[in-house]
Amino acid sequence: MTAKKFFLFSLLQWVAFVILKVWVFNNVIFGNPGVQEIFFFLLTGATTAALVRRLGVLNYLESFFIIITWTLTGVLVDLVFTSAYTGLSIFGSSQYWWGLFCMDLSVFLFHKKRHVHIRMEHAAHRAALKAHGRGHN
């Protein structure tokens with residue numbers, strides 16, 4: 001993860017989630033509020049997973065940094081921008097806080113894990129060495 005990618009995808013995440021939250025919290029999209037909550041959680045998780053995968057291979061410390069940064073700045077951005085459209089009552093909604101939890105869980109579960117990437121590189125290297133050894137017999 002580079003600083004440029006981190007700031008670019010953080011900005012995209014803030015803009016996308018402000019639009020999503022204003023849309024979901026201001027409108028009745030589905031007749032059933034439970035279905036609307038599930039829709040919000042799934043869309044939040046999928047969007048977060050797509051953005052965090054674009055950051056590249058991350059170790060767990062970097063993923064925790066992203067979780068903390070995106071959560072705290074997301075709340076600040078929501079306080080400044082989203083609450084202008086939805087009101088401050090958004091912070092009293094459990095749906096809002098569960099959406100942040102879904103975002104954090106999505107970052108933790110779906111980031112490209114460094115230890116998996118290293119194992120794959122080692123396996124590819126061992127396979128290449130094995131194939132190279134077979135060619136000289």
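**Exercise 1. Find the backbone oxygens that the side chain of H111 reaches, then place H111 in the fold.**

Step 1. Start with F108: its backbone oxygen sits 3.1 Å from a polar atom of the H111 side chain. The backbone oxygen of V107 is 3.0 Å from a polar atom of that side chain. Both go down as polar contacts, meaning a pair of N or O atoms within 3.5 Å, where within protein one must be able to donate a hydrogen and the other to accept it, and residues adjacent in sequence count only if both atoms are side-chain atoms.

A quick word on ground rules: this is a predicted model, where local features need pLDDT of at least 70, side-chain atom pairs count only at pLDDT 80 or more, and totals for chains, interfaces and linings use all residues. Residues are numbered from 1 along each chain as its sequence is written, and side-chain values use heavy atoms, with hydrogens and water left out.

Step 2. Now the address: H111 is in the loop between helix 4 and strand 2 (112-113). Helices (H or I, at least four residues) and strands (E, at least two) are DSSP runs, numbered from the N terminus.

Step 3. H111 counts as buried because its relative accessibility is 1%. The cut-offs are under 20% relative accessible area for buried, over 50% for exposed, and partly exposed in between (1.4 Å probe, protein chains only).

Step 4. Who's around? Setting aside neighbours within four places in sequence, H111 is in contact (heavy atoms within 4.5 Å) with V52, R53, L58, N59, Y60, S63 and S106.

**Exercise 2. Take two of the H111 contacts, N59 and S106, and work out where each one sits.**

Step 1. N59 is in the loop between strand 1 (57-58) and helix 3. With 33% relative accessibility, N59 counts as partly exposed.

Step 2. The N59 side chain reaches the backbone nitrogen of E62 at 2.8 Å. Beyond four places in sequence, N59 is in contact with H111 and R114. The C-alpha atoms of N59 and K112 are separated by 8.1 Å, though the two residues are 53 apart along the chain.

Step 3. S106 belongs to helix 4, and at 3% relative accessibility S106 counts as buried. Its contacts, again skipping neighbours within four places, are G45, T48, A49 and H111.

**Exercise 3. How many salt bridges does the model have, and which parts does the pairing tie together?**

Step 1. Background first: side chains of opposite charge can pair when their charged atoms come close. The test here is a side-chain nitrogen of Lys or Arg within 4 Å of a carboxyl oxygen of Asp or Glu.

Step 2. That rule gives one salt bridge. The partners are the side chains of K21 and D78, at 2.6 Å from N to O. Since K21 is in helix 1 and D78 in helix 3, the pair ties together parts that are 57 residues apart in sequence.

Step 3. Both K21 and D78 are buried.

**Exercise 4. Which side chain makes a polar contact with that of D104, and what is the nearest side chain of opposite charge?**

Step 1. D104 is in helix 4. D104 is buried yet has no salt bridge.

Step 2. K21 is the nearest side chain of opposite charge, 9.6 Å away. For this check, Lys and Arg count as positive and Asp and Glu as negative, while His and the chain ends are not counted.

Step 3. The D104 side chain does make a polar contact with the side chain of T71, at 2.6 Å. Outside its neighbours within four places in sequence, D104 is in contact with I67 and T71.

**Exercise 5. Which residues form the nonpolar surface patch, and which helix gives the largest share?**

Step 1. The members are Y60, F64, W98, F101, L105, F108, L109 and F110. Patch residues have over 30% relative accessible area and no salt bridge; like charges are joined within 9 Å, nonpolar side chains (Val, Leu, Ile, Met, Phe, Trp, Tyr) within 5 Å.

Step 2. Together they have about 770 Å² of accessible area, from the Shrake-Rupley method with a 1.4 Å probe; for residues, only the protein chains shown count as cover.

Step 3. Helix 3 (60-86) and helix 4 (94-110) each supply at least two of the residues. Helix 4 has the largest share, six residues. L109 is in helix 4, and counts as partly exposed at 44% relative accessibility.
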